[in-house]
Amino acid sequence: FDGNEADALLRCAEAAMYKAKREKHLGVRFFEAAIHGEFKERLDIEHSLSRALANQELTLHYQPQLCRRTGRVIGCEALVRWPESYPTRVSPGRFIPVAEETGLIRPLGRWVIDTACRQVAEWRREHDLRIPVAINFSAMQFTAGDVLSDIKALERHGLDYPDIEVEITETATMAELEAVLPILGRLRDLGCSIAIDDFGTGYSSLSYLKRIPVTHLKLDQSFVHDLHEND
């Protein structure tokens, strides 16, 4: 028994719907008690993320990229993190999927690009540090047509296209290949580097790399985990 009022039944149906969306291979889900907790958590994350965006409470961390031969910093990757002031910490693995499901990934993506470009410009101005920054993009940002307009944040901060590395996962690339390819080609023509992240986790053939204007491949960690213990 899931409820005797229309509002309660609709909430249960909505919770089951989102569960079914996340499990695309099933397609159908009946409501059960365990789903209610997941749905409530998802709503909490959505509301908190929306508030954090509105109040500019998210933070970007910059993971350095090192040259293995010289140890010199040759770039960095911008990683968005949940507000440290919030009592509950939520990992990107939890709030990024919610952002993609709800469309919040679009304003989140714009904020990340603008903030990262501002930081790179500041490093250049104050420390004469000239390194590119890798920024992760969702497939939704490509299909919605956001990428080419959002990346103009470069111009606002006095940067150029080679100062950005566009990063998208292998799974997202293959899922929206026909929408993603023309934009990646345009970005490459403008001078951006193109990185395919988590490579090897999907089912793409190496032959597809001939179609993608890729600059760097980032192997999934499963390929190097325990590498020192295997022949």
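What you have in front of you has a secondary structure that comes to 9 helices and 6 strands, and I should say at the outset that this is a predicted model, so please hear everything that follows as computed from that model. The protein has 231 residues, of which 39% count as buried. About 13,800 Å² of the protein is exposed, and carbon and sulfur atoms supply 51% of that area. If we turn to contacts with a sequence separation of 6 or more, 60% of them are accounted for by residues 24 or more positions apart.

Let me go to the interior next. In soluble globular proteins, nonpolar side chains tend to be buried together. Here the largest nonpolar core holds 53 residues, and the members that touch the most other members are Leu108, Phe142, Ile164 and Val166. Which helix gives this core its largest share? That is helix H4, residues 105-127, which contributes 10 residues. Phe142 deserves a moment by itself, since I can list its partners once neighbours within four places in sequence are left aside: they are Phe137, Val147, Val166, Ile168, Val180, Ile183 and Leu184. You will notice Val166 in that list, and Val166 was also named among the core members that touch the most others.

Staying with helix H4, I would like to point out Arg124, which is placed in that helix. Is Arg124 buried or exposed? Its relative accessibility is 19%, and because the threshold for buried is under 20%, Arg124 counts as buried, although I would ask you to keep both of those numbers in mind when you use the label. Not counting residues up to four places away in sequence, Arg124 touches Leu129, Arg130, Leu159 and Asp163.

Following the chain onward from H4, we come to the loop between H4 and E3, where Asp128 is placed. Phi of Asp128 is near 55 degrees, which is a positive value in a residue other than glycine, and Asp128 is exposed, with a relative accessible area of 55%. There is a second aspartate to set beside it, namely Asp198, which also is not a glycine and has a positive phi of about 55 degrees. The setting of Asp198 is strand E5, residues 193-199, and with a relative accessible area of 29% this residue is partly exposed.

Strand E5 also contains Ile196, which at 3% relative accessibility counts as buried. What does Ile196 touch, beyond residues up to four places away in sequence? Its contacts are Ile168, Thr169, Glu170, Thr173, Ile212, Val214, His216, Leu217 and Lys218. For a sense of spacing, the C-alpha atoms of Ile196 and Leu209 are 9.7 Å apart, with their positions 13 residues apart in sequence. A further pair involves Thr171, in helix H8, residues 170-175, whose C-alpha atom is separated by 8.8 Å from that of Asp197, 26 residues apart along the chain. Thr171 itself counts as partly exposed, at 47% relative accessibility.

Now to a pocket, and specifically the second largest pocket, which has a volume of about 330 Å³. Its lining comprises 15 residues, and those closest to its centre are Gln65, Ile74, Glu165, His216 and Lys218. Two of these names, His216 and Lys218, have already appeared as contacts of Ile196. The elements giving two or more residues to the lining are strand E1 (59-66), strand E2 (73-81), strand E3 (133-136) and strand E6 (216-219). Which of the elements gives the most to this lining? It is E2, with 4 residues. By class, the lining has 7 nonpolar, 5 polar and 3 charged residues.

Finally, a word on helix H1, residues 6-22, which is the place of Cys12. Cys12 counts as buried, at 11% relative accessibility. Measuring from C-alpha to C-alpha in the model, Cys12 and Phe39 are 9.0 Å apart in space, while in sequence they are 27 residues apart.

To draw the threads together, I have taken you from a core whose largest share comes from helix H4, through Asp128 and Asp198 with their positive phi values, to a pocket whose lining receives the most from E2. Thank you, and I am glad to take questions.

Note on methods:
Residues are numbered from 1 along each chain as its sequence is written. This is a predicted model: local features need pLDDT of at least 70, side-chain atom pairs count only at pLDDT 80 or more; totals for chains, interfaces and linings use all residues. Side-chain values use heavy atoms; hydrogens and water are left out. Buried means under 20% relative accessible area, exposed over 50%, partly exposed in between (1.4 Å probe, protein chains only). Contact means heavy atoms within 4.5 Å. Accessible areas come from the Shrake-Rupley method with a 1.4 Å probe; for residues, only the protein chains shown count as cover. A nonpolar core is a set of buried Ala, Val, Leu, Ile, Met, Phe, Trp, Tyr and Cys residues joined through side-chain atoms within 4.5 Å. On a 1 Å grid over the protein atoms alone, a cavity is a set of points where a 1.4 Å probe fits but cannot get out, and a pocket is an open set with protein on both sides within 12 Å along at least five of seven lines; lining residues have an atom within 4 Å of a point. Grid points are joined across faces, edges and corners, and a volume is the space filled by probe spheres set on the points. Ala, Val, Leu, Ile, Met, Phe, Trp, Tyr, Cys and Pro count as nonpolar, Asp, Glu, Lys and Arg as charged, and the others, Gly among them, as polar.
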